[in-house]
Amino acid sequence: MKVIVVKNYDEMSKKAAEIFIEQLKNKPNSILGLATGGSPVGTYKELIKAYNDGQISFKDVQTYNLDEYCGIDINHPQSYYYFMHDNLFNHVDIKEENVHIPSARGENIAKQCEDYNNALHSVEIDIQLLGIGSNGHIAFNEPGTSFEQETFIVELTDKTRQDNKRFFNSIDEVPTHAMTMGIKNIMQAKSIVMLISGASKKETVEKLLKGPITESFPASILHNHQDVTVIIDEEAYQNMK
Ligand code: F6R
């Protein structure tokens, strides 16, 4: 696991974007694994800038998102479908048919889950962007999830719902379930870039970097992956000094 410590959120975003820009320059038809949440927003802004400067194009890129809330409409401002279009896809030349986001609404969610998992089996993600939950979750694989888990419907923990309340009007509006890539799907990516920023993640960083590999801290499995870069800002890194 390669650890890069940077000054702040902006530096983290620039560093992550540099890695993605390099990837797209070397392989314009890359398959990207993408995340939502607060951590990647700055990275997406940097990628849009690079696109506008003519440095990169998304016309041959395919994307697979980690997760999506169950039961909220794709046009809901907090759906991950909406988030991805608002923060990245609407601003670059990606083709909509190359965008893959789990769909977890309507009837037969189990079938949708199976379809997404099969789609993941048919590709190899070149580079996967990840955030980390303060409880160590990756995508929505909450503590206790098997390292062998593939795409599934998860009941979100109270901690995760509280953490994500900031994006909704009240806790009652935060969905209780989500569809998520499993840990096994994530580990199949060729390379992984994880973003960690802010003082609220300082204990999380400590557990990630010093703790054992255990299903009670899902992100710890990343120590077993051969190509992981974790970009951490100084506030998040403060307990390591
Ligand atoms: C988002 C996702 C989550 C977030 C994590 C951190 O697609 O899968 O695991 O990466 O909850 O969220 P932020 O970045 O908002 O702290």
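Let's start with the ligand: 14 residues sit around it, and Ser39, Asp67, His137, Ala139 and Lys201 come nearest. Keep in mind that this is a predicted model. One of those nearest residues, Ala139, turns up again below, where its backbone gets a closer look.

**Around the ligand**
- Threonine 36 joins in through its side chain, where an N or O atom is 2.8 Å from an oxygen atom of the ligand.
- Glycine 38 uses its backbone instead: an N or O atom there lies 2.8 Å from a ligand oxygen atom.
- Alanine 139 also brings a polar backbone atom, this one 2.7 Å from an oxygen atom of the ligand.
- How much of the ligand does the protein cover? On its own the ligand has 410 Å² of accessible area, and the protein covers 93% of that.

**Backbone oddities**
- Here's some background: most residues other than glycine have a negative phi.
- Alanine 139 isn't a glycine, yet it has a positive phi of about 50 degrees. You'll find alanine 139 in the loop between strand E6 (127-130) and strand E7 (152-155).
- Asparagine 108 isn't a glycine either, and its phi is positive too, at about 55 degrees. Look for asparagine 108 in the loop between strand E5 (99-100) and helix H4 (109-121).

**Two helices packing**
- Helix H2 (residues 41-52) packs with helix H3 (residues 80-87) at an angle of about 40 degrees, and their axes are 10 Å apart.
- That angle is why H2 counts as oblique to H3.
- Which residues make the contact? H2 supplies Val41, Tyr44 and Ile48, while H3 supplies Phe83, Met84 and Asn87.
- Sort the residues of this H2 and H3 contact by type and you get five nonpolar, one polar and no charged.

Notes: Residues are numbered from 1 along each chain as its sequence is written. This is a predicted model: local features need pLDDT of at least 70, side-chain atom pairs count only at pLDDT 80 or more; totals for chains, interfaces and linings use all residues. Side-chain values use heavy atoms; hydrogens and water are left out. Axes are lines fitted to C-alpha atoms, for helices over the stretch in contact, and angles run from 0 to 180 degrees between N-to-C directions. Helices (H or I, at least four residues) and strands (E, at least two) are DSSP runs, numbered from the N terminus. Angles under 35 degrees count as roughly parallel, over 145 as roughly antiparallel, 65 to 115 as roughly perpendicular and the rest as oblique. Contact means heavy atoms within 4.5 Å. Ala, Val, Leu, Ile, Met, Phe, Trp, Tyr, Cys and Pro count as nonpolar, Asp, Glu, Lys and Arg as charged, and the others, Gly among them, as polar. A residue is near a molecule or strand if one of its heavy atoms lies within 4 Å of it. A polar contact is a pair of N or O atoms within 3.5 Å; within protein, one must be able to donate a hydrogen and the other to accept it, and residues adjacent in sequence count only if both atoms are side-chain atoms. Accessible areas come from the Shrake-Rupley method with a 1.4 Å probe; for residues, only the protein chains shown count as cover.
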